[in-house]
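Colleague: I've got this model open on my screen and would like to walk through a few spots in it. Can you take my questions one at a time?

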Amino acid sequence: MRRDNGSTFCEFILLGLPIRPEEQGLFYALFLAMYLTTVLGNLLIILLIRLDSRLHTPMYFFLSHLAFTDISFSSVTAPKLLMNMLTQSRSIPYAGCISQVYFFLFFADLDSFLLTSMAYDRYVAICHPLHYTTIMSQSVCTLLVIGSWVLSFAGALVHTVLLARLSFFLDNTLHHFFCDLSALIKLSSSDTSVNELVILIVGSLVITLPFVCILVSYGRIGATILRAPSVKGICKALSTCGSHLSVVSLSYGAIIGLYFVPSSTDTNDKDVIVAVLYTLVTPMLNPFIYSLRNRDMKGALGNMLRRGSFSV
């Protein structure tokens with residue numbers, strides 16, 4: 001649809017997922033269950049951290065913010081995907097598309113910065129245990145979270161402002177289930193060289209640099225353990241870092257698969273499938289990883305269930 005001759009489109013068409021019409025009902029139920037699991041699981045993590053005083057530590061402070069970010073990140077794309085599958089409507093207004101790009105980038109960047117803060121917390125806990133409470137004070141943790149929000153806001157805003165300057169004369173069909181920044185840039189009729197340069201620069205700052213910081217943190221952790229190797233020390237390190245490492249592997253594995261691994265054929269389908277993994281599967285698995293692999297979280301959940309049974 002066009003507003004008038006020579007103007008840009010006022011809506012986009014989302015082609016959605018590469019699934020057959022007869023499978024729509026099955027996948028709708030599957031994605032709805034995944035989204036509800038993401039929301040309820042991460043809300044449970046936030047609730048447990050708030051209620052159990054033993055979890056009032058820097059690691060769980062960051063985890064509560066990560067859980068909120070996962071809920072928000074999935075909520076940027078999942079409700080629209082589910083509504084389109086239910087109503088068979090594929091259109092999204094121009095303003096809604098730009099807003100979706102902004103919030104998708106914002107919460108994706110925030111997730112990356114929070115994972116980096118958690119890696120730094122684990123580095124201090126293992127490599128400088130005697131100074132842990134001094135280094136990871138409440139004010140430092142608060143500053144790390146505020147810094148993550150500010151940097152994420154700035155990064156997403158830069159991309160969104162530059163995207164809003166582009167025109168879309170020729171086509172308004174996106175081979176995706178949400179408004180993906182790279183897909184929109186490919187669709188634009190304008191010169192996108194500035195956008196691509198900014199993606200490279202900002203992407204390095206909000207994705208590559210945090211990932212390198214995480215690798216350095218765990219490299220230092222590994223070096224510290226190997227200086228005095230012991231079964232007890234290795235088990236403690238795995239217990240302390242295992243959950244975080246699993247989440248980092250899922251998140252950055254999906255990012256690498258989506259943006260850094262080339263595909264010779266069926267590129268659009270590959271991008272859509274990996275995007276489902278990144279936006280729906282990873283946020284859903286995080287609560288299971290932190291609850292099943294974490295003794296403190298399991299203990300807090302058991303205490304809450306026991307208090308609930310006693311009150312009944």
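What follows is a short back-and-forth about cavities, the core and a few single residues.

Colleague: Before we start, what pLDDT do side-chain atom pairs need in order to count?

Modeller: This is a predicted model, where local features need pLDDT of at least 70, totals for chains, interfaces and linings use all residues, and side-chain atom pairs count only at pLDDT 80 or more. Residues are numbered from 1 along each chain as its sequence is written, and side-chain values use heavy atoms, with hydrogens and water left out. So the cut-off you asked for is pLDDT 80 or more.

Colleague: OK, holes next. Which element gives the largest share of the lining of the second largest cavity?

Modeller: A cavity here is a set of points, on a 1 Å grid over the protein atoms alone, where a 1.4 Å probe fits but cannot get out, and lining residues have an atom within 4 Å of a point. Volume is the space filled by probe spheres set on the points, which are joined across faces, edges and corners; there are three cavities of 30 Å³ or more, and the second largest holds about 40 Å³. Two elements give two or more residues to its lining, α2 and α9 (267-292), helices being DSSP runs of H or I with at least four residues, numbered from the N terminus. Four lining residues, the largest share, come from α9.

Colleague: Pro283 is on that lining list. Is Pro283 buried or exposed?

Modeller: Pro283 sits in helix α9 and touches Thr38, Asn42, Asp70, Phe73, Ser74 and Tyr278, leaving out residues up to four places away in sequence; contact means heavy atoms within 4.5 Å. Its C-alpha is 8.9 Å from that of Thr69, 214 residues apart along the chain. Buried means under 20% relative accessible area, exposed over 50% and partly exposed in between, using a 1.4 Å probe and protein chains only. Since its relative accessibility is 1%, Pro283 counts as buried.

Colleague: And the core: which helix gives the largest share of the largest nonpolar core?

Modeller: A nonpolar core is a set of buried Ala, Val, Leu, Ile, Met, Phe, Trp, Tyr and Cys residues joined through side-chain atoms within 4.5 Å. The largest one has 89 residues, and those touching the most other members are Phe12, Phe31, Leu63, Leu174 and Leu184. Its largest share, 20 residues, comes from helix α3 (residues 94-127).

Colleague: There's an Asp in that helix, Asp121. Which side chain does Asp121 join through a polar contact of 2.5 Å?

Modeller: Asp121 is buried because its relative accessibility is 0%. Beyond four places in sequence, Asp121 is in contact with Pro58, Met59, Phe62, Tyr132 and Met136. A polar contact is a pair of N or O atoms within 3.5 Å; within protein, one must be able to donate a hydrogen and the other to accept it, and residues adjacent in sequence count only if both atoms are side-chain atoms. At 2.5 Å, the partner side chain is that of Arg122.

Colleague: Last one. What is the relative accessible area of His65?

Modeller: His65 is in helix α2 (residues 58-87) and touches Leu114, Val145 and Trp149, not counting residues up to four places away in sequence. The C-alpha atoms of His65 and Leu114 are 7.7 Å apart. His65 counts as partly exposed because its relative accessible area is 23%.

Conventions. On a 1 Å grid over the protein atoms alone, a cavity is a set of points where a 1.4 Å probe fits but cannot get out, and a pocket is an open set with protein on both sides within 12 Å along at least five of seven lines; lining residues have an atom within 4 Å of a point.
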